[in-house]
Each structure stands twice: as structure tokens, then as C-alpha cells.
Amino acid sequence: MPRTKVKIAFITNDAARRAAYRKRKKGILKKMEELSTLCGIEACAIAYSPYDPEPVIWPSELGVHHVLGKFRTMSEWEKNKKMANQESFLGHMIAKHKEQLKKLVKENKEKEMTVFMHQCLDEGRVLPDNNLTADDLNDLSSIIEQNLKDVCRRLETLNVMEKTPPHQQPPQIQSSPVLDMSANHDQKQKKFMDLLNGNEDETTTAPPFESDANLQLQIGF
């Protein structure tokens, strides 16, 4: 059976409190010994309780004096550099979680705008009633621009990898898909953003991206 989670609160029953003290005192002293042996550190423990006639000391009185004397000879900066009270600890954890939340919000916004962009591409037009704010439009514009740059970079890579056979005459220079894409992607993006901003009729079909099968495969949409 799984162990029941213990509620960390003062035990009101005297007999139960005494039993918990003896059990946990034994456990914590055993853990101190294991920590000292496994990690090779100097440690000591002192516990005062109404259930023992004398303080509980580990490992010995001499060992406790040695560790405390070493601690007292340290400078104040060395003593406090790794210490934390409850207020500073909670403040550090709150700041850490706020930073994590900020990162997650940014990732979720990028995913949301990417999904919306794909929906518009599938429909061939900007979806009505999108309720996008000015910040959303800026995020969407950045994502579109980044996707277009990625497409152009992939096309350039493919174009460089193509080699002309040595036994054939080099073909005449024609319009490259890379050049075509670079030449008109700004116009397509502007058309798309005009539709989002309501500068053109919403029923106007958004300019399609390159219909070449290889280009669609590389885009990954």
C-alpha cells in the first residue's frame, strides 16, 4: 500500500507527538550519518526536547565543538552567501515561475498565430471575425516574415545543390523559383496584412503561395 501523506502540523495528542519525536529523531540522526559518510562533509546536530533529560548531540560533543568552531571562524559573507530565509526563498521562486510563465505565454502566442496562418492558407483568404488585436497582427506579421525567409533559404540551398551535367551545355538563364519567391514574397505579405487590417474586401482571395509540389513539400504546410 502507498504511504499516506503526513500533514505537516503540530500534533495535539501528547502520546502521538512523543512517538513521532522518537521515530523522527532516530531517522534524522541516521540521515546525518549517511550524508556525512557518503559526501565526506562535516556536520553536527543538536536537538532539545522535553522528552529527553539532556540535549541529543551527534556525532559527539567534541565533534559538535569542532564544527561550530569552524563555522564561527568564517567571515559573515561566507556564512550568509548560501543562506535564505522564507521571504527571500519565496521571492526567488516567484520570480522564477514568473519567468517560466512569460516564456510559456510567448510560445503559446506563436503557436496560436501559426495555426491561424495555416487556416488562412487552407481557406485561401483571411478568416472573418478573427478578433485579432494590434499586437496579434504584429506577431502574425513576424511569423509570416520568418516563414518566408525560411522558404527562401531552403530554396537557395536546393538551387546550390543542383549541378549541371558536364556533357551538356549549360541551360539558358531563366527565372529561378528562388528569385521569383524573393521578388514577390513582400507583395504577398503586404496583401495578406492588408486583408487583416480591413484595407481590402474580405472576400478577396489571398494570393496563393507557390503551387509547385516540391515547394509545398519543403514548406511543410
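In the predicted model, Glu 112 is partly exposed, with a relative accessible area of 44%. The side chain of Glu 112 forms a salt bridge with Lys 109, and the closest N and O atoms of the pair are 3.8 Å apart. Because Glu 112 and Lys 109 are three residues apart in helix H4, about one helical turn separates them. Lys 109 is also partly exposed, at a relative accessible area of 25%.

A salt bridge with the same spacing along the chain occurs in helix H1, where Lys 31 and Glu 34 lie three residues apart, or about one turn of the helix. The closest N and O atoms of Lys 31 and Glu 34 are 3.9 Å apart. Lys 31 counts as exposed, with 56% relative accessibility, whereas Glu 34 counts as partly exposed, with 32%. Both values can be placed against the limits used here: because exposed means over 50% relative accessible area and buried means under 20%, the 56% of Lys 31 falls in the exposed class and the 32% of Glu 34 in the class between.

In total, the structure holds nine salt bridges. One of these joins Asp 52 to Lys 25, with the closest N and O atoms 3.6 Å apart. This pair links distant parts of the chain: Lys 25 belongs to helix H1 (residues 14-39), Asp 52 belongs to the loop between strand E1 (45-47) and E2, and the two are 27 residues apart. Asp 52 is buried, its relative accessible area being 16%. Salt bridges also link Asp 14, Arg 17 and Arg 18 in a network.

The loop between E1 and E2 also contains Tyr 51. Tyr 51 counts as buried, at 15% relative accessibility. The C-alpha atom of Tyr 51 is separated by 7.2 Å from that of Arg 18, although the two residues are 33 residues apart along the chain. Arg 18 is a member of the network with Asp 14 and Arg 17.

At the level of the whole chain, seven helices and two strands are found. Read from the N terminus, the elements follow the order α-β-β-α-α-α-α-α-α. The chain has 221 residues, and buried residues make up 20% of them.

Strand E1 contains Ile 46, and strand E2 contains Ile 57. Together with Tyr 48, these two isoleucines form a nonpolar patch on the surface, with a joint accessible area of about 340 Å². Ile 46 is partly exposed, with a relative accessible area of 41%, and Ile 57 is likewise partly exposed, with 37%. Membership of a patch requires over 30% relative accessible area, so the values of Ile 46 and Ile 57 meet this condition. Ile 46 is also 9.8 Å from Ser 60, C-alpha to C-alpha, with their positions 14 residues apart in sequence.

A cis peptide bond joins Trp 58 and Pro 59, with omega at about 0°. Most peptide bonds are trans. Pro 59 is located in the loop between strand E2 (56-58) and helix H2 (61-72).

A second surface patch is negative and consists of Glu 107, Glu 110, Asp 135 and Asp 139. Two helices contribute to the negative patch, H4 (86-123) and H5 (134-161), each with at least two residues. Asp 135 is part of helix H5. With a relative accessible area of 55%, Asp 135 is exposed; this value is above the limit of 50%, so Asp 135 falls in the exposed class.

No disulfides are found in a search of the whole structure. Two cysteines were examined for accessibility, Cys 44 and Cys 120. Cys 44 counts as partly exposed, at 22% relative accessibility. Cys 120, by contrast, counts as buried, at 2%.

Methods: Residues numbered from 1 in each chain as written. Predicted model: local features only at pLDDT ≥ 70, side-chain atom pairs only at ≥ 80, totals over all residues. Heavy atoms only, no water. Patch = residues over 30% accessible without salt bridge, like charges linked within 9 Å, V, L, I, M, F, W, Y side chains within 5 Å. Areas by Shrake-Rupley, 256 points an atom, 1.4 Å probe, with all protein chains shown as cover. Salt bridge = Lys/Arg side-chain N within 4 Å of Asp/Glu carboxyl O. Lys, Arg positive; Asp, Glu negative; His and termini not counted. Charge placed at Lys NZ, Arg CZ, Asp CG, Glu CD. Helix = DSSP H or I, 4+ residues; strand = E, 2+ residues; numbered from the N terminus. Buried < 20%, exposed > 50% of the residue type's maximum accessible area, 1.4 Å probe, protein only. Disulfide = S-S within 2.5 Å.
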